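Reader: Please pick one part of this structure and go through it closely. I would like the cut-off behind each term, given once where the term comes up.

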Amino acid sequence: MEEIEKKERSQKKAQFAFSIIFLLLLVSILSLFYSIAFRKQKEISDDEKRTLQKIPVFTGKAFLDTTYQTQMEDAISDQILFSQQIRFETKQFYHHFTKQFTELDETIERIKSVCIKDEASGEPKVDDSSERNPEIPVITLENNAETDEKELDSEKKQSEKPVKKYVYKEVLHDALYTLDSSGWIVVKGVDPQKYNINRYPEEMLEKVKWPKYLYFIETSESKDFNDMNKYDAFSYVKSKMKMTDYACLTFKDFDEYKENFYQTDHHWNYKASYNGYVQIMRMMEGDDFEVHIPTGTKTYDTLFNGSFSWQAGIKFSTEKFSVYEFDLPAYKTYINDKRRDYSNRYLYDSTETMPHLNFSNHYGWYYGLDFAKVVYDFNQPEKESILILGTSYTNAINDLIASHYNKTHILDFRLYEDTYGEKIDPAKYMEENGLTKLLIIGDISSIGKRIKEVH
């Protein structure tokens, strides 16, 4: 009886201690949030290079269509003091346990593969094939008389080997993966049929009577690296969007993907974005159109840990940030109708001088952040003016494309309605601003919207 009472007292003490800790944690979180009333709300995340959600104004309409609730949830996440550090530590904590379980699974699989039973003798044999690089033959000293026969044997065995299969290792639950030990973080390929291609509805595009072009960017999200022919996102998107012409950035395998994309970021790198610019201009202006040639390449002495690193809460990039340099005519930029310089390239004074942030998202910092509207004015009245619809993918080539026209308007559908109070109407906008070509740039997730699966 006495022992039972002792256990009950211990249990009550533990419950009381837990309650105190919970209350202290709750008070801390609430104080961090309500401190907003005594300080200015942040507009830009220095680490993530994105616009932060502010506390929304309450309206009955926004409440009924749940917009208010969604924006308030985002605002709590974005505006709470130390929210970025809290998110980072949470991701690190999650990643630690994900890594532990992944390593445990790998150890079990390795033990299984090593202990393969010999069917004839029943004795275990060691399978050392996983220790060898299948692309590099094992060289041994052989008797010259037997060399030719052995080489033929070896060639036959090599031809019979299956195509390399990559292992997707999860680093962020059901979102981000590393491919074997490559050091690249990717999104796992998804069947394009699981996307509604409704960012730019058919009826909206039909109203545009001027030439309209689509440039599609294949990413890891639209390809399966173990079967490169499994998905055809480009054809699927083309079937849903009736345009004057189309072009696409693609890659034939994982090695070529690594040549076109950053190690820890979802954006295309300087080589791929330049190739995209060339393809776009040839699509819109003809195969003989004269494009800008890079005057040089500059590599900054800093490691680039991009958007995937931030999302997963890990930093292991071995990649330095490189850009092409160009000699463009002088121009002016306007951001959300105010005269402002776009991008922060002036901060990159030399290969040793650049912004050093927690996650140094140099793509966003160098090429420019996302805004509802950016207008380039090259003051070439004898040339056309055009409209570009896109997301951050366009940032790397905005000035290159714009340099061939008088004025170039770039609109981001993600931010336009919140900034201007109405959805983008390309036909109306083009007519009001004297624009004579429409260009849409994006990948599967920015052109389409993933259909939520009901389990």
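**A charged pair and the sheet elements around it**

Author: E384 has a relative accessible area of 31%, so this residue is classed as partly exposed. The classes are buried under 20% relative accessible area, exposed over 50%, and partly exposed in between, with a 1.4 Å probe and protein chains only. The model is a predicted one, in which local features need pLDDT of at least 70 and side-chain atom pairs count only at pLDDT 80 or more, while totals for chains, interfaces and linings use all residues. Numbering starts from 1 along each chain as its sequence is written, and side-chain values use heavy atoms, with hydrogens and water left out.

The partner of E384 is K437: their side chains meet in a salt bridge at 2.6 Å, N to O. E384 sits in the loop between β15 (373-377) and β16 (386-389) and K437 in the loop between α14 and β18 (438-442), so the bridge ties together parts 53 residues apart in sequence. A salt bridge here is a side-chain nitrogen of Lys or Arg within 4 Å of a carboxyl oxygen of Asp or Glu. The element names follow DSSP runs numbered from the N terminus, with helices being H or I of at least four residues and strands E of at least two. K437 has a relative accessible area of 8% and is therefore buried.

The model holds 14 salt bridges. Another of them joins K207 to D425, with the closest N and O atoms 3.2 Å apart. This pair also links distant parts of the chain: K207 is in the loop between α6 (202-206) and β9 (212-217), and D425 in the loop between α13 and α14, 218 residues away. Both ends are partly exposed, K207 at 45% and D425 at 24%. R414 and D412 form a further bridge, in which the closest N and O atoms are 2.5 Å apart. R414 is partly exposed at 39%, whereas D412 is buried at 3%. Returning to the starting pair, E285, E384 and K437 are joined into one network by salt bridges that share partners.

The strands beside the E384 and K437 loops belong to an open sheet. Eight strands make up this sheet in the order β10-β9-β18-β16-β17-β15-β13-β14, with mixed pairing. Its edge strands, each pairing on one side only, are β10 (245-249) and β14 (338-339). Two strands count as paired if DSSP finds at least two bridges between them. Strands of a sheet pair through backbone hydrogen bonds, either parallel or antiparallel. At the β14 edge, β13 (residues 332-335) and β14 pair in the antiparallel sense over two bridges, and I335 stands opposite K338 in β14.

D337 lies in the loop between β13 and β14. Its phi is near 75°, a positive value in a residue other than glycine. The loop that holds E384, between β15 and β16, also contains N379. N379 is not a glycine either, yet has a positive phi of about 50°. Most residues other than glycine have a negative phi. N379 is exposed, at 61% relative accessible area.

Y331 is found in the loop between β12 (320-325) and β13, and at 33% relative accessibility counts as partly exposed. Its C-alpha is 5.6 Å from that of D377, although the two residues are 46 apart in sequence.

The helices α13 and α14 carry charge of their own. On the surface, E417, D418, E422, E431 and E432 gather in a patch of negative charge. Two or more residues of the patch come from each of α13 (413-420) and α14 (426-433). Patch members have over 30% relative accessible area and no salt bridge; like charges are joined within 9 Å, and nonpolar side chains (Val, Leu, Ile, Met, Phe, Trp, Tyr) within 5 Å. Lys and Arg count as positive and Asp and Glu as negative, with His and the chain ends not counted, and each charge is placed at NZ of Lys, CZ of Arg, CG of Asp or CD of Glu. The areas come from the Shrake-Rupley method with a 1.4 Å probe; for residues, only the protein chains shown count as cover. E432, in helix α14, is exposed at 58%.
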